[in-house]
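Colleague: I'd like to go through this one feature by feature. Could you give me the general idea each time, then the case at hand?

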Amino acid sequence: MPGRPPSDAVVLFDGKDLSHWVSMSKKGETGEPKWKVENGYVEVVHGSGSLISKEKFGSAQVHVEWATPAEVRESDQRRGNSGVFLMRRWEIQILDSWENPTYPKGEAAAVYGVAQPLVNACRRPGQWQTYDIIFDAPVYEGDKLVTPPYVTVLHNGVLVQNHVALPCGGPKEAHLVEGPLMLQDHPGPVRFRNVWVRPLAPVSGR
Ligand code: MG
C-alpha cells in the first residue's frame, strides 16, 4: 500500500480520479483525460494523450509511484516506457529496466538524453516502484539565467541522480520558472499511484 502524503503536499492523484489533470495530445490539444482509473491506480491508455497537471510548479519535491506491466512483451524503449516531466520540459525516464538493456541516457531514472542513473535500482516488472525527485527550478535575473535547474532523484530510495544541472536557457525558455507536471503517453501500459508534489522555495546560487 502507498504511504500517506505529507501534510504540505499537493496530492495530484490519490487513486480515485483525475480531477487534477488534463489530457494533452502531441499537437498540444487539451481535453478530458482518458487514462484508466481502477483499483487505486491509473493506467496509461496509449494514444489518448499525456497527463498534464492543472497546477504549475517550480522548485518541488515530486513523489510518483509507478509499475511497468508484469507481462513482458517488448524490449528496449518499448518495454514499459513512460516518464515524469518536470515543468513539462525535463523527463525523468520511466522504463522497465529489469534485464532490459538500452542506451544509458534512456534507462529508468535517467534524465532522458542528459544523464544516466548512477545505478540500476529497478524492481521486477509489475512491482510498484518509487521516484522521489527534488527539483530546483531555474532562477533568472531579468532575461539572464543565473542558476540552472538542478535535479536529484531517488529510485526506490536509492540515490540515482545527484544534483544534476539540466539544460536550460534557450531563447524560448527565458522566464520559464514554473510549469505543469506531465506523465507521458507512450506504448507499454505503465500504471501510476500516489502522485504528490511539495512546492519548495526557489534556490539561487548553489
Ligand atoms: Mg519516456
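Colleague: Let's start inside. How many residues does the largest nonpolar core have, and which of them have the most contacts inside it?

Modeller: Keep in mind that this is a predicted model. The general idea first: in soluble globular proteins, nonpolar side chains tend to be buried together. Here the largest nonpolar core has 41 residues, and V84 and F192 are those with the most contacts inside it. Strand 7 (residues 60-67) provides the largest share of this core, 4 residues.

Colleague: And what does F192 touch?

Modeller: Leaving out residues up to four places away in sequence, F192 touches a list that includes F13, W35, Y41, W66, W128 and L183. The list has E65 and S82 in it too. Remember S82, as we'll meet it at the metal.

Colleague: Fine, the metal then. Which residues coordinate the magnesium ion?

Modeller: The general yardstick is that ideal angles at a metal are 109.5 degrees for four tetrahedral donors, and 90 or 180 degrees for six octahedral ones. In this model the magnesium ion is coordinated by N81 (OD1), S82 (O), E91 (OE), Q93 (OE1) and Q184 (OE1), at 2.2 to 2.3 Å. Water is not among the atoms, so the site may look incomplete. Along the chain, the donors follow the spacing N-S-x8-E-x1-Q-x90-Q.

Colleague: Are S82 and E91 buried or exposed?

Modeller: The cut-off for buried is under 20% relative accessible area. S82 counts as buried because its relative accessibility is 0%. E91 is at 8%, so E91 counts as buried as well.

Colleague: Now the sheet. In what order do the strands of the open sheet run?

Modeller: Strands of a sheet pair through backbone hydrogen bonds, either parallel or antiparallel. In this case 6 strands form an open sheet with antiparallel pairing, in the order 3-2-6-15-8-9. Strand 3 (30-31) and strand 9 (90-94) are the edge strands, each pairing on one side only. At the strand 3 end, 2 bridges join strand 2 (residues 21-24) to strand 3, and M24 stands opposite T30.

Colleague: What about strand 11 and strand 12: how many bridges join them?

Modeller: Strand 11 (residues 139-141) and strand 12 (residues 144-147) run antiparallel and are joined by 3 bridges. E141 has K144 in strand 12 as its bridge partner. Their hairpin has 2 residues between the strands, and G142 takes a positive phi near 60° there.

Colleague: Which residues other than glycine have a positive phi?

Modeller: Most residues other than glycine have a negative phi. Two cases to look at here are R88, with a positive phi of about 55°, and N156, with a phi near 55°. R88 is in the loop between strand 8 (82-86) and strand 9, while N156 is in the loop between strand 13 (150-155) and strand 14 (158-165). R88 is at 41% relative accessibility, so R88 counts as partly exposed. N156 counts as buried because its value is 15%.

Colleague: Last one: how much space lies in the largest cavity?

Modeller: Here it helps to check volume, then lining. The structure holds 1 cavity of 30 Å³ or more, and about 60 Å³ of space lies in the largest cavity. Strand 7 and strand 15 (179-183) are the elements that give two or more residues to its lining, with strand 15 giving the most, 3 residues. Among the lining residues are F57, L86, M87, F135 and V197.

How values were computed
Residues are numbered from 1 along each chain as its sequence is written. This is a predicted model: local features need pLDDT of at least 70, side-chain atom pairs count only at pLDDT 80 or more; totals for chains, interfaces and linings use all residues. Side-chain values use heavy atoms; hydrogens and water are left out. Donors are N, O and S atoms within 2.8 Å of the metal (3.2 Å for Na, K and Ca); water is not among the atoms, so sites may look incomplete. Buried means under 20% relative accessible area, exposed over 50%, partly exposed in between (1.4 Å probe, protein chains only). Two strands pair if DSSP finds at least two bridges between them. A nonpolar core is a set of buried Ala, Val, Leu, Ile, Met, Phe, Trp, Tyr and Cys residues joined through side-chain atoms within 4.5 Å. Contact means heavy atoms within 4.5 Å. On a 1 Å grid over the protein atoms alone, a cavity is a set of points where a 1.4 Å probe fits but cannot get out, and a pocket is an open set with protein on both sides within 12 Å along at least five of seven lines; lining residues have an atom within 4 Å of a point. Grid points are joined across faces, edges and corners, and a volume is the space filled by probe spheres set on the points.
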